[in-house]
Amino acid sequence: MSRTQFHTAAGGTTAAEAADAALSASGVASGMTVLVGGFGMAGMPVALVDALIRHGADELTVVSNNAGNGDTGLAALLAAGRVRKVICSFPRQSDSWVFDGLYRAGRLELEVVPQGTLAERMRAAGAGIGGFFCPTGAGTLLAEGKETRVIDGREHVLEMPLRGDVALIGAHRADRAGNLVYRKTARNFGPVMATAAATTVVQVGGVVEVGALDPEAVVTPAIYVDHVVDLRSTSGEEHAA
Amino acid sequence: MSTVEHTDRGPLSREEMAAVVARDIPDGSYVNLGIGQPTTVAAHLRPGSGVVLHTENGMLGMGPVVTGDDADPDLTNAGKQPVSELPGASYFHHADSFAMMRGGHLDVCVLGAYQVSASGDLANWHTGAPDAIPAVGGAMDLATGAKDVLVMMTLFAKDGSPKLVPACTYPLTGVGCVSRVYTEVALFDVSGDDVVVLETWGESVAELVDRLQLRIARATRPRGPGRLR
């Protein structure tokens, strides 16, 4: 039997209540490092981030590709004052005014990481790799203070694993065993973050029976998935996951 | 092939620059087009060229930008614009997407720049200004990983200073990583010991040398305008 727990918007439970139950069960707490999936809004687990805001944990370190768009999701978490530090590749966007304001006011610490290094540091954490030498960033500001080594005639920078206490990601479907499939470029950081956190919480647009997902097509095996929030209501209406 | 000087016309328009970059991308290449002006190269790729577009947020076989009812929030390019999927497309997660880049599997990337140095250093992520918010995205990974890094930029900044420089004054994105620089007035090869001008538009090499504070060589065989490799 799967150890994955399911939180479903059904039988009088709303999607928000299901997400709140999952966040509560995840053990997320103040001071933790939270990995948040998505690239812009594609794959962004908005229902889970909203639940994290309601949960109230603060002094968080958030790892995500961006630092929030507009006033919702990650931007709302920042605006609520719950985040101490952001680790991301691309904070500055046309609609990142919440981040921009907090950063300029000195209320947020920022660690900028090249996008591929960000993904690989989390992959390393999830795969039990104790660090890796990578040519990206060699000779730039982002390599300052880091150990370097010339490998095959090329300078490489030592990058360390990036681990989360909790990962919040979005996927397209889960099966009852907890296996996940994604949809198009909404996959992005989800599969890597699922491996890199002690506890992974996933919001999906529907849960199917065991056997309904082709095992050859499963992207994230259930072993990485602790909590699934099914946003599809009993009326069959599907929410974006 | 020696340097070609198109002095019978003016500088290239932005669309013409995109067409020149597209002209030089070999058939069948795997290509990543950076955010902004490099994205416009896609529209100039020859039908049947077999060029496959990579987007770092996890896709090969990316099609054109779409609008209206065809837009799918789950299918975007690196600039977060909705795009389409071409037959033969594939999806993969971020670590795989950057592994294929860093692993040297991508043939060409096209990027914008604040500055490129004579030795092919690239500066395109950070102005270094005290109030600037640094945002690197995938620029360092692309600059390091693609076999050929092509830069598209205006040759002069708004204040008139050259952007092709002896040494970059902006923070670097990558060291010695740029192959070619496409500008509205000239195409340069910066992959070797000397800056070599391959083609000019609207002015002669002599006029160009006069405006740039840089030692520039004319092309001799086997270098010259035209396709990479």
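These legends walk you through several close-up views of a predicted model.

**View 1. Eight strands of chain A line up in an open sheet.**
Let's begin inside chain A. Follow the strands across the sheet and you will meet them in the order β1-β14-β12-β9-β2-β3-β4-β5, with parallel pairing. At the edges of the sheet are β1 (5-8) and β5 (109-112) of chain A, each of which pairs on one side only. On average, neighbouring strands in this sheet are turned by 20° against each other, direction ignored.

**View 2. At one edge of the sheet, β1(A) pairs with β14(A).**
Which way do these two strands pair? Their pairing is in the parallel sense and runs over 4 bridges, with β14 covering residues 227-230 of chain A. For a landmark, look for A:Thr8, which stands opposite A:Asp230 in β14(A).

**View 3. Chain B meets chain A.**
Now step back to where the two chains touch. Chain A brings 43 residues to the contact, and chain B brings 37 residues. The size of an interface is often given as the accessible area lost when the parts come together. Here the two chains bury about 3300 Å² between them, and 61% of this lies on carbon and sulfur atoms. Within chain B, the residues that lose the most area to chain A are B:Asp74, B:Lys80 and B:Ile133, which together make up 22% of what that side buries.

**View 4. Polar contacts cross the interface, and several elements of chain B help to build its side.**
How many residue pairs are in polar contact across the interface of chain B and chain A? There are 19 such pairs, counting residues at pLDDT 80 or more. On the side of chain B that touches chain A, β5 (83-91), α2 (94-102) and α3 (139-145) of chain B each supply at least two residues. Of these, α2(B) gives the most, with 4 residues. By type, the residues on this side of chain B divide into 17 nonpolar, 12 polar and 8 charged.

**View 5. A:Arg183 forms salt bridges with B:Asp74 and B:Asp72.**
Side chains of opposite charge can pair when their charged atoms come close. Between chain B and chain A there are 3 salt bridges. In one, the side chains of B:Asp74 and A:Arg183 meet at 2.8 Å, N to O. In another, the closest N and O atoms of B:Asp72 and A:Arg183 are 2.6 Å apart. B:Asp72 sits in the loop between β4 (59-65) and β5 of chain B, while A:Arg183 sits in the loop between β11 (180-181) and α6 (190-196) of chain A, so this pair joins two chains.

Terms used:
Residues numbered from 1 in each chain as written. Chains lettered and ligands numbered in written order. Predicted model: local features only at pLDDT ≥ 70, side-chain atom pairs only at ≥ 80, totals over all residues. Heavy atoms only, no water. Pairing = 2+ DSSP bridges. Axes fitted to C-alpha atoms, helices over the stretch in contact; angles between N-to-C directions. Contact = heavy atoms within 4.5 Å. Buried area = accessible area lost by both parts, 1.4 Å probe. Salt bridge = Lys/Arg side-chain N within 4 Å of Asp/Glu carboxyl O. Polar contact = N/O pair within 3.5 Å; in protein donor to acceptor, adjacent residues only side chain to side chain. Nonpolar A, V, L, I, M, F, W, Y, C, P; charged D, E, K, R; others polar.
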